[in-house]
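Got your viewer open? Let's walk through this model together, one selection after another.

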Amino acid sequence: MASFSLTQIRGNSINNPVAEFARTRCPQLGLPVRSSRVGFRVFASESSSKGPEPDLSVNINGLHMPNPFVIGSGPPGTNYTVMKRAFDEGWGAVIAKTVSLDAEKVKNVTPRYAKLRADANGSKQGQIIGWQNIELISDRPLETMLKEFKQLKEEYPDRILIASIMEEYNKAGWEELIDRVEQTGVDAFEINFSCPHGMPERKMGAAVGQDCALLEEVCGWINAKATIPVWAKMTPNVTDITQPARVALNSGCEGIAAINTIMSVMGINLTTLRPEPCVEGYSTPGGYSSKAVHPIALAKVMSIAKMMRSEFGDKDLSLSGIGGVESGGDAAEFILLGANSVQVCTGVMMHGYSVVKKLCSELKDFMRQHNFSSIEDFRGASLEYFTTHTDLVHRQQEAIQQRKAVKRGLQSDKDWTGDGFVKETESMVSN
């Protein structure tokens, strides 16, 4: 049986990505000159279990990665030892834990994590579906982190190391941080506009990402100074995530990363009546991640991708999907919605760095199933199937007329019964 793949037609690749990016970045506007993406073509080919091995490599903003799996900023990228381990295990890229100029102001507490399991409150037996953290950015001296960035790039010159940075609302501070970090040889920046907890009074993290006027100003400072690609990491704790994403792209960022963690209260211990994670009997709202956030992350990424395709379709921008990735199938969903790369943070904390081998293997299995030979063959292929509820009604009415059949499930609200409620509900579930 023939299968169909969507292949995006791109311009010529850049031979020396970092050097070329620095040469082509416009000094007047702080904006890069990007190659264009012409569009999609549809190819049909006969499915076969044989044939060439699927190619997981990706080129994103001129950066070549062996696969689309990226260590997300957080504990898995907190020092030289763990980042080296990530490269040795085969991760496509590593994003270090967020750094700022003055680590002395960063004071973490312990415990700072809490888990949600698919069982009763307080159960230790159920599967972990949610994870909350109240952890701040790196508390290590900036100079120490910079030395380790430099060492990693010397030992792994062909691997992609991305620095996550965050600073107070101060232009000179941002410029100093960018300059010092760039000197280590890192390949790109991810700007943390999205940490949901800690230091909002200093206009850091989500305090910027939730304020489009502030975001535009800070992005302007960053992109006027940076000479390597810049990704803006978005907070989901907004009404419409496309608004800050649009501002970041219009202000010169080359990519969007979404989502960061969701503001949450993990739960209350019903024995002690204290919240979790419990620090000296008290807690504070923190960031929620892991499997339970995956559907929310998919919706946010879908919205951003549709906006990017509609408003920035001819520009070489990128999108990095984040949220509850524990399998190759989870990653494939993000890519089908337009993501160029997929980040994993909590998944590494739960399953270890070697999980990347499982992710790559499962993603290849998915590609073989659909006869896709590269990531670009299916990136964004599912976007066209999202529409409005009004359009869904119209499409179903047309389909009913064409089939001369009735709708699946109940005709209207008057048909619900008390006795058959569960079966009636199931009759309208699609999966």
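Before the first stop, one term: a residue is called buried when its relative accessible area is under 20%, exposed when that area is over 50%, and partly exposed in between. Keep in mind, too, that what you have on screen is a predicted model.

**Stop 1: helix α8**

Select residues 294-311, which make up helix α8. Which residues of α8 are buried? Colour H294, A297, L298, K300, V301, M302, I304, A305, M307 and M308, and you have them. Now show what lies over those buried residues: the cover includes α7 (242-250), β12 (255-258), β17 (318-322) and α9 (328-336). While you're here, try the distance tool on the two ends of the helix. With 18 residues at 1.5 Å a residue, α8 should span 26 Å, and its end C-alpha atoms are 26 Å apart, so the two values agree.

**Stop 2: two helices side by side**

Next, pick helix α3 (residues 142-155) together with helix α4 (residues 171-182). They pack at an angle of about 35°, and their axes are 9 Å apart. To see where they touch, show the side chains of L142, E143, L146 and F149 on α3, then L177, R180 and V181 on α4. Sorted by class, this contact has 5 nonpolar residues, 2 charged ones and no polar ones.

**Stop 3: the aromatic rings**

How many aromatic pairs are there? The count comes to 8. Start with Y113 and W131, whose rings form a tilted pair, 5.6 Å centre to centre with 45° between the planes. Y113 sits in strand β7 (residues 113-117) and W131 in strand β8 (residues 128-133), so you'll find the partners 18 residues apart in the chain. Is W131 buried or exposed? W131 counts as buried because its relative accessibility is 9%, while Y113, at 30%, counts as partly exposed.

Then jump to W416 and F421, another tilted pair, with 4.8 Å between the centres and 35° between the planes. W416 has a relative accessibility of 30%, so it counts as partly exposed. F421 counts as partly exposed as well, at 45%.

Two more ring selections are worth a click. F366, F372 and F378 form one aromatic cluster. Over at Y282, look at the face of the ring: R274 lies over it, at 6.0 Å from the ring centre.

**Stop 4: loops that meet far-off parts of the chain**

Select N61, in the loop between β3 (58-60) and β4 (63-65). N61 has a relative accessibility of 10%, so it counts as buried. What is N61 in contact with, leaving aside its neighbours within four places in sequence? Light up P229, W231, E254, D316, L317 and S318. Take E254 from that list: N61 and E254 are 193 residues apart in sequence, yet their C-alpha atoms are 7.0 Å apart in space.

Another example is S354, found in the loop between α10 (346-351) and α11 (355-369). Its partner for this view is G90, which is 264 residues away along the chain, with 8.2 Å separating the two C-alpha atoms. S354 is partly exposed, with a relative accessible area of 37%.

**Stop 5: unusual backbone spots**

Most residues other than glycine have a negative phi, and most peptide bonds are trans. The next few selections go the other way.

Zoom in on the peptide bond from T110 to P111: it is cis, with omega near 0°. P111 belongs to the loop between β6 (93-95) and β7. Then move to A258 and I259, which are also joined by a cis peptide bond, here with omega at about 5°. I259 is in the loop between β12 and β13 (262-264).

For positive phi, select E280, where the value is near 55°. You'll find E280 in the loop between β15 (275-276) and β16 (286-289). Is E280 buried or exposed? Its relative accessible area is 73%, so E280 is exposed.

Last on the tour is N371, with a positive phi near 60°. N371 lies in the loop between α11 and α12 (389-403). At 24% relative accessibility, N371 counts as partly exposed.

Conventions: Residues numbered from 1 in each chain as written. Predicted model: local features only at pLDDT ≥ 70, side-chain atom pairs only at ≥ 80, totals over all residues. Heavy atoms only, no water. Axes fitted to C-alpha atoms, helices over the stretch in contact; angles between N-to-C directions. Helix = DSSP H or I, 4+ residues; strand = E, 2+ residues; numbered from the N terminus. Contact = heavy atoms within 4.5 Å. Nonpolar A, V, L, I, M, F, W, Y, C, P; charged D, E, K, R; others polar. Phe/Tyr/Trp six-rings, centres within 6.5 Å; stacked < 30°, edge-to-face > 60°. Buried < 20%, exposed > 50% of the residue type's maximum accessible area, 1.4 Å probe, protein only. Lys NZ or Arg CZ within 6 Å of the ring centre and 35° of its normal. Expected span 1.5 Å × (residues − 1).
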